[in-house]
Amino acid sequence: MRLLVAFATTDGMTGLIAERISERIRLLGHSADLVNCRTLPSDFDPSRYDGFILGGSVHVGGYQHSLKRFISRYRENIVSKPNLFFSVCMAIASKNESEHVEAKRTAERFPRMLGWIPDRVEVFAGALMFSRYGMFRKPVMRAIAKKEMGEELDPSRDYIFTDWEAVDALVPRFLKRSAAPERPVPSSAPTHLPPAGLSPV
Ligand SMILES: Cc1cc2nc3c(=O)[nH]c(=O)nc-3n(C[C@H](O)[C@H](O)[C@H](O)COP(=O)(O)O)c2cc1C
């Protein structure tokens with residue numbers, strides 16, 4: 001099976017998770033192409049793939065433009081094959097349960113807005129990459145971490161909260177479902193497509 005793992009990232013963490021997913025796919029004897037939605041190869045051809053795993057990260061409640069563009073452009077290819085969307089955020093690591101519910105809702109809502117109902121949606125905790133934050137983001141993210149996680153974090157280092165076992169477990173599940181002989185009718189949501197280029201992320 002040849003799978004596409006496509007991601008969008010702002011600070012790098014979703015790229016690391018996508019890379020890990022690609023490695024697991026290859027370890028299990030399949031082929032995986034890893035692409036950043038912002039820098040697709042000029043000869044990119046979605047019809048080459050037997051399945052699609054797409055991921056993006058939440059920043060101020062929204063996902064990256066490049067990911068929206070990718071889904072809008074290739075939606076018909078995506079829904080015709082086994083597919084999965086994974087969302088990377090920090091709300092899922094909050095001590096407040098209500099934030100977890102909201103993180104899942106955000107992840108479910110995003111692809112639907114673009115006319116895609118994924119076969120499966122996963123939400124992973126991401127990272128706080130203080131080394132990448134400037135003067136503005138550093139104190140803001142530190143304050144949010146204190147409020148949501150009850151922890152005083154050291155802004156001179158990075159923190160990764162990702163559950164790598166959960167990331168690894170996604171792959172065999174996806175492959176097993178993809179190997180099922182019959183694919184149900186493609187899951188395409190009624191499309192009330194917003195114009196290209198939504199919120200700036
Ligand atoms: C400026 C900023 C805004 C963020 N906004 C949210 C948010 O609204 N909800 C959330 O759950 N996480 C939020 N996060 C956490 C990111 O989703 C998390 O850091 C993730 O690992 C980023 O992934 P990336 O490195 O692939 O961009 C925010 C992070 C930053 C730096």
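Biologist: What makes the pair formed by Val 60 and a nitrogen atom of the ligand a polar contact?
Modeller: A backbone N or O atom of Val 60 lies 2.8 Å from that nitrogen. A polar contact is a pair of N or O atoms within 3.5 Å, so the pair qualifies. The model is predicted: local features need pLDDT of at least 70 and side-chain atom pairs 80 or more, while totals for chains, interfaces and linings use all residues. Residues are numbered from 1 along each chain as its sequence is written, and side-chain values use heavy atoms, without hydrogens or water.

Biologist: Which ligand atoms do Ala 91 and Ala 127 approach?
Modeller: Oxygen, in each case: a backbone N or O atom of Ala 91 is 2.8 Å from a ligand oxygen, and a polar backbone atom of Ala 127 is 2.6 Å from one. The protein covers 87% of the 640 Å² accessible area of the ligand on its own (Shrake-Rupley, 1.4 Å probe).

Biologist: What makes a residue part of the ligand's surroundings?
Modeller: A heavy atom within 4 Å of the ligand. By that test 20 residues surround the ligand, with Thr 9, Thr 14, Ser 57, Val 58 and Ala 127 the closest. Ten are nonpolar, eight polar and two charged.

Biologist: Why is the ligand said to sit in the largest pocket?
Modeller: The ligand's space is the largest pocket, because more than half of its atoms lie within 2 Å of the pocket's grid points. A pocket is an open set of points on a 1 Å grid, where a 1.4 Å probe fits, with protein on both sides within 12 Å along at least five of seven lines.

Biologist: How many residues line the largest pocket, and which element gives the largest share?
Modeller: The lining has 38 residues, Met 90 and Met 141 being among those nearest the centre. Helix α4 (DSSP H or I, at least four residues) gives the largest share, seven.

Key: A polar contact is a pair of N or O atoms within 3.5 Å; within protein, one must be able to donate a hydrogen and the other to accept it, and residues adjacent in sequence count only if both atoms are side-chain atoms. On a 1 Å grid over the protein atoms alone, a cavity is a set of points where a 1.4 Å probe fits but cannot get out, and a pocket is an open set with protein on both sides within 12 Å along at least five of seven lines; lining residues have an atom within 4 Å of a point. Ala, Val, Leu, Ile, Met, Phe, Trp, Tyr, Cys and Pro count as nonpolar, Asp, Glu, Lys and Arg as charged, and the others, Gly among them, as polar. Helices (H or I, at least four residues) and strands (E, at least two) are DSSP runs, numbered from the N terminus.
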